[in-house]
Amino acid sequence: MSVFDQSTPSTGTSGASYAAAGVDIEAGDRAVELMKEWVKKTRRPEVLGGLGGFAGLFDASALKHYERPLLASATDGVGTKVDIARRMGVYDTIGHDLVAMVMDDIVVCGAEPLFMTDYICVGKVHPERVAAIVKGIAEGCVLAGCALVGGETAEHPGLLGPDDFDVAGAGTGVVEADRLLGAERIREGDAVIAMAASGLHSNGYSLVRHVLLDRAKLGLDQHIEELGRTLGEELLEPTKIYSLDCLALIRTAEVHAFSHITGGGLAANLARVIPDDLHAVVDRSTWTPAPVFELVGRSGDVERLELEKTLNMGVGMMAIVPEQSVDVALAALADRGVEAWVAGEITGRGDHETGARMVGDYA
């Protein structure tokens, strides 16, 4: 996990230097030392070497037992949720969000997460702050079952303020070719199972920040009765990581497809895995969104359709299973502590229908 070019330190002359330009190499080195213990916690047996090399190494011979291994990759960030972390001065949860955004995309096709790399861009390196971010990423990797094999911390003085930062990550997984999940497996009559979100997750925060902070003038340290905690605590609730839950579900029940509910909302993401000749119908009456969604809608006078195409509305992942597998699937998820329910079904597509639609009113 490299941090900076190890440039020659300033000799104390009056000439220009990296440090005078705002880059603190020593602080970067200190950040690496602080993060090492957390990265070690993510180690898988296939990982070779340690922290500090130019590239992370993963022993691909571990894939020999696959008949035809397909590598799945994804990359993502957490959007403007980083602004809430910055304002709150809390940096060890945002990494959970990053892992969820990347690895829960990978597991959608049935792939097992293998390893991840991160990129942290800061205006000024605060070693403890960077280490806290990596701690969160490492904890997220443990929850996803993958290794954190490397990354980069970049200091960008002049482009970012001293307290500004952003995070991004990329991940790789593997799936046997004949076990690949997706639209080709879905059949009319399949059930759509919803898995509860832990909150807003990591999408729609530009709308959320505009509505709650700019328009309604709510404070992050303000206790909101309907939320049962401060607004900041609610907004920083980490994104649930479903990777191991989805893999366990595949081992237990027949699954045709998953859909990770992220930017674009529930219907748009579900439509991405529906074949052209079929249609998904999701019944809102099967669940009640958490209070934070109503708070956003009420505070900004946001129409329901606008909320639904921006936020997850309480559903973070969906599984499409044959009707005869529903009971087994729900029991398997319940055993893992995942709140889940049948939220809809797959039907034939009528004229002028799109891939997915929502019907009814929330319970």
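Me: What percentage of the 363 residues in the protein is buried?
Reply: The model is a predicted one. A residue counts as buried when its relative accessible area is under 20%. Of the 363 residues in the protein, the buried ones make up 53%.

Me: How many helices and strands does the protein have?
Reply: Helices and strands are both present in the protein. The helices number 11, and the strands number 14.

Me: Is helix H4 mostly covered or mostly uncovered, and how many of its residues are buried?
Reply: Helix H4 runs over residues 127-144 and reaches 26 Å from its first C-alpha to its last, close to the 26 Å expected. Helix H4 is mostly covered. Of its 18 residues, the number buried is 13.

Me: Which residue follows H4, and what is the sign of its phi?
Reply: H4 comprises residues 127-144. The residue that follows H4 has a phi near 80°, which is positive, and this residue is Gly145.

Me: Why is H2 described as oblique to H5?
Reply: The axes of helix H2 (residues 81-88) and helix H5 (residues 205-215) come within 8 Å and cross at roughly 50°. Angles under 35 degrees count as roughly parallel, and 65 to 115 as roughly perpendicular. The crossing angle therefore makes H2, relative to H5, oblique.

Me: How many residues of the contact of H2 with H5 are charged?
Reply: On the H2 side, Lys81, Asp83, Ile84 and Arg87 take part, and they meet Tyr205, Arg209 and Leu213 in H5. These residues include 3 nonpolar and no polar ones. The number of charged residues in the contact is 4.

Technical notes:
Residues are numbered from 1 along each chain as its sequence is written. This is a predicted model: local features need pLDDT of at least 70, side-chain atom pairs count only at pLDDT 80 or more; totals for chains, interfaces and linings use all residues. Side-chain values use heavy atoms; hydrogens and water are left out. Helices (H or I, at least four residues) and strands (E, at least two) are DSSP runs, numbered from the N terminus. The expected span of a helix is 1.5 Å times one less than its number of residues. Buried means under 20% relative accessible area, exposed over 50%, partly exposed in between (1.4 Å probe, protein chains only). Axes are lines fitted to C-alpha atoms, for helices over the stretch in contact, and angles run from 0 to 180 degrees between N-to-C directions. Angles under 35 degrees count as roughly parallel, over 145 as roughly antiparallel, 65 to 115 as roughly perpendicular and the rest as oblique. Contact means heavy atoms within 4.5 Å. Ala, Val, Leu, Ile, Met, Phe, Trp, Tyr, Cys and Pro count as nonpolar, Asp, Glu, Lys and Arg as charged, and the others, Gly among them, as polar.
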